[in-house]
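Work through these exercises with the structure open beside you. Try each task before you read its solution.

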Amino acid sequence: MGAEGGRVVAITGTSCSPDNRVWRDAFVRLQERGRVVFSAAIAGAVFATLNRGLCRQNDAGMYVTAVCGVLDLDTRTLSFSAAGHEAPVLVRGADGRCASLETEGGRILGLLEGGAYPVSTVSLAPGDALV
């Protein structure tokens, strides 16, 4: 989404909607709440808000899976939350090792209200990459 105060926000996800309407609408809601993520690195709270909104406007039973990460460029830490989506994979620059980042994860967005979206944090070293 962009950088502010030394932070960069990235989000990726999938929608079960054939026309991607559900994902598009969820992404627009995330953009509208981007300032919250930038200022407090609380991706999980953003997912909880999105889930509530999607559940209330989802008569067709469509859903979204997503992962949202906030990278603090000053501290080289990544805070991320998953909503029914695969966790990011970390590729260590020092030796090329790959590992799926550990996260409790939260439920998919749009089907059931409530639930927690825990935020996990990992430290990054120079040369590390996320995929």
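In the protein chain, residues 24 or more positions apart account for 64% of the contacts with a separation of 6 or more. Keep in mind that this is a predicted model.

**Exercise 1. The whole chain**

Task: Find how many helices and strands the protein chain has, and in what pattern they follow each other.

Solution:
- Step 1. Count the elements. The protein chain has 3 helices and 8 strands.
- Step 2. Read along the sequence. The pattern is β-β-α-α-α-β-β-β-β-β-β.
- Step 3. Turn to burial. The chain has 131 residues, and 40% of them count as buried.
- Step 4. Look at the outside. About 6,900 Å² is exposed, and carbon and sulfur atoms supply 51% of that area.

**Exercise 2. Leu at position 90**

Task: Decide whether L90 is buried or exposed, then list what L90 is in contact with.

Solution:
- Step 1. Locate the residue. L90 sits in strand β5, which covers residues 89-91.
- Step 2. Check the accessibility. L90 has a relative accessible area of 5%. The cut-off for buried is under 20%. L90 is therefore buried.
- Step 3. List the contacts, leaving aside neighbours within four places in sequence. L90 is in contact with R97, C98, A99, L101, V122, L124, D128, A129 and L130.
- Step 4. Pick one partner, L130. L90 and L130 are 40 residues apart in sequence. In space, their C-alpha atoms are 4.7 Å apart.

**Exercise 3. An Asp in a loop**

Task: Work out which backbone nitrogen the side chain of D128 reaches, and whether D128 is buried or exposed.

Solution:
- Step 1. Place the residue. D128 lies in the loop between β7 and β8 (129-130).
- Step 2. Apply the cut-off. Buried means under 20% relative accessible area. D128 is at 18%, so D128 counts as buried.
- Step 3. Follow the side chain. The side chain of D128 reaches the backbone nitrogen of A125 at 2.7 Å.
- Step 4. Add the other contacts, again without residues up to four places away in sequence. D128 touches L90, V91, R92 and G93. You met L90 in strand β5.

**Exercise 4. A patch on the surface**

Task: Name the residues that form a nonpolar patch on the surface, and find where L112 lies.

Solution:
- Step 1. Name the members. Y63, L111 and L112 form the patch.
- Step 2. Give the area. Together these residues have about 270 Å² of accessible area.
- Step 3. Locate L112. L112 is in the loop between β6 (98-100) and β7 (120-123).
- Step 4. Classify L112. Exposed means over 50% relative accessible area. L112 has 52%, so L112 is exposed.

Notes
Residues numbered from 1 in each chain as written. Predicted model: local features only at pLDDT ≥ 70, side-chain atom pairs only at ≥ 80, totals over all residues. Heavy atoms only, no water. Patch = residues over 30% accessible without salt bridge, like charges linked within 9 Å, V, L, I, M, F, W, Y side chains within 5 Å. Areas by Shrake-Rupley, 256 points an atom, 1.4 Å probe, with all protein chains shown as cover. Salt bridge = Lys/Arg side-chain N within 4 Å of Asp/Glu carboxyl O. Helix = DSSP H or I, 4+ residues; strand = E, 2+ residues; numbered from the N terminus. Buried < 20%, exposed > 50% of the residue type's maximum accessible area, 1.4 Å probe, protein only. Contact = heavy atoms within 4.5 Å. Polar contact = N/O pair within 3.5 Å; in protein donor to acceptor, adjacent residues only side chain to side chain.
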